[in-house]
Amino acid sequence: MNSIFTIERRKDFPETYSRFLWDLQSFKITASTGFRYTIFDYLNYCIRYWPYRYGAVSISDYLDKINVDFSDPQEDKDRLLALELFINLLFYAPRQDQSDDVDRMFNITPRRHEAQIESERLIENAKYILEQCCNMKIREENHEECPKYYVTKRNPHVDVAVNAVPELMDVLLGYFDVRNQDNLAQKKVMLETIYNYMEPHRKAYKAFSCSAVSEEFFTAINTLGIRHNTKSQVRLPEKKANDIYDKLFMMAVYVLQTEEVNLFKKQLKELREIKNNPTEATSCSEQETHTVSD
């Protein structure tokens, strides 16, 4: 039976983005400095100290550098990039607020600060908007100064591949980040990184069920101008190249998880064999009991 908590709500992204922005620009908090700000104005203050501001002095300044109009975006990609910046600043804001509090002569605030409470609320709202409107999520990437947060597509196949090949985690999880959506140069770099990891295992892949897919992946990478830049390479129009790169990435994801899937297949086969040979299962059980008693 459905309830107010279980009914799925698919939302209109431009509308929910506008409401999120209105919340940022309307709700007020009192910061540790004693000043009262709208949350948006407080984030505007925080960006001046955010380690990844690239010289920007305001939210508008930062987004102008990447040609994004956060106040009246015309495309979903611009909304996602603006939302990504807001998310990063919301994660950073409590840290800046705490730093300001420590710098004060007297700290008489024994409770969680408003900046932290409201930042957590808005981050949860952003997660919900991304999931319900765009089938996307927030990806955290740890760095020495402070984490970076990326808006990226949800993809269970990629998650399985990451479990199988954790050393490629950053590349696999980052491929579908919103900022890479049309970035052919970055996609080429990521595909080449995956190729370099897979190439030493090429002979092993030939023994798997994915052999035809893996060989097509290697051949395509070597002939479509991804690893090489010679006259013999096939030249693809930009839009076609973007589509082909995404398909090649998903082919690689399939190959990378095959070894782990084969292990699952082996385990299932062993379970079936035990069921079909109860005498063998009993013998194994007795052997384990004998070992324990010894």
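Let's start at N67, which sits in the loop between α3 and α4. Keep in mind that this is a predicted model. The phi angle of N67 is near 60°, and that is a positive value in a residue other than glycine. Is N67 buried or exposed? It is exposed, with a relative accessible area of 68%.

There is a second asparagine to look at with it. N135 is in the loop between α5 and β3, and its phi, near 55°, is again positive in a residue other than glycine. N135 counts as partly exposed, because its relative accessibility is 44% and the exposed class begins over 50%.

Now step back from N67 into helix α3, where you will find L63. With a relative accessibility of 1%, L63 counts as buried, because the cut-off for that is under 20%. What does L63 touch, once its neighbours within four places in sequence are set aside? The answer is V68, F70, L81, A82 and L85. Take A82 from that list: L63 and A82 are 19 residues apart in sequence, yet their C-alpha atoms are 7.2 Å apart in space.

Staying in this part of the model, let's turn to the nonpolar cores. The largest one has 46 residues, and those with the most contacts inside it are F20, L24, Y42, I59, F70 and F86. Helices α1 (13-26), α2 (39-46), α3, α4 and α5 (114-134), together with strands β3 and β4, each supply at least two residues of this core. Which element gives the most? That is α4, with 11 residues.

Pick out I59 from this core for a moment. Leaving aside neighbours within four places in sequence, I59 is in contact with F40, L43, N44 and I47, and also with F70, L85, F86 and L89. Apart from the largest core lies another one, of 34 residues, and I194, I226, A241 and A252 are among them.

Some of the contacts of I59, including F40 and L43, bring us to helix α2. This helix is mostly covered, with 6 of its 8 residues buried. The buried ones are I39, F40, Y42, L43, Y45 and C46.

On to the empty spaces. Rolling a probe the size of a water molecule over the atoms shows where empty space is left. How many cavities of 30 Å³ or more are there? The count comes to 2.

The largest cavity has a volume of about 60 Å³. Around it you will find K137, R139, T152, K153, N155, V158, D159, L172, L173 and F176. Strands β3 and β4 and helices α6 (156-164) and α7 each give at least two residues to that lining. By class, the lining divides into 4 nonpolar, 2 polar and 4 charged residues.

The second largest cavity holds about 30 Å³ of space, and α2 comes back here. Its lining is made of I29, I39, Y42, L43, L90, A93, A115, E118 and S119. The elements giving two or more residues to this lining are α2, α4 and α5. Here the classes are 7 nonpolar, 1 polar and 1 charged.

Then there are the pockets, which are open. The largest pocket has a volume of about 470 Å³. It is lined by 23 residues, and Y54, E84, K148, Y150 and R179 lie nearest its centre. At least two lining residues come from each of α3 (59-64), α4 (76-103), β3 (136-141), β4 (148-153), α7 (169-174) and α8 (184-198). Once more α4 gives the most, this time with 4 residues. The lining has 11 nonpolar, 4 polar and 8 charged residues.

About 150 Å³ of space lies in the second largest pocket. Lining this pocket are A164, V165, E167, Y197, H201, A204, Y205, F208, L256, E259 and E260. Two elements, α9 (202-205) and α11 (238-276), give two or more residues each. The largest share, 3 residues, comes from α11. Sorted by class, this lining has 7 nonpolar, 1 polar and 3 charged residues.

If you take one thread away, follow α4: it gives the most to the largest core and the most to the lining of the largest pocket. Thanks for listening!

How values were computed
Residues are numbered from 1 along each chain as its sequence is written. This is a predicted model: local features need pLDDT of at least 70, side-chain atom pairs count only at pLDDT 80 or more; totals for chains, interfaces and linings use all residues. Side-chain values use heavy atoms; hydrogens and water are left out. On a 1 Å grid over the protein atoms alone, a cavity is a set of points where a 1.4 Å probe fits but cannot get out, and a pocket is an open set with protein on both sides within 12 Å along at least five of seven lines; lining residues have an atom within 4 Å of a point. Grid points are joined across faces, edges and corners, and a volume is the space filled by probe spheres set on the points. Ala, Val, Leu, Ile, Met, Phe, Trp, Tyr, Cys and Pro count as nonpolar, Asp, Glu, Lys and Arg as charged, and the others, Gly among them, as polar. A nonpolar core is a set of buried Ala, Val, Leu, Ile, Met, Phe, Trp, Tyr and Cys residues joined through side-chain atoms within 4.5 Å. Buried means under 20% relative accessible area, exposed over 50%, partly exposed in between (1.4 Å probe, protein chains only). Contact means heavy atoms within 4.5 Å.
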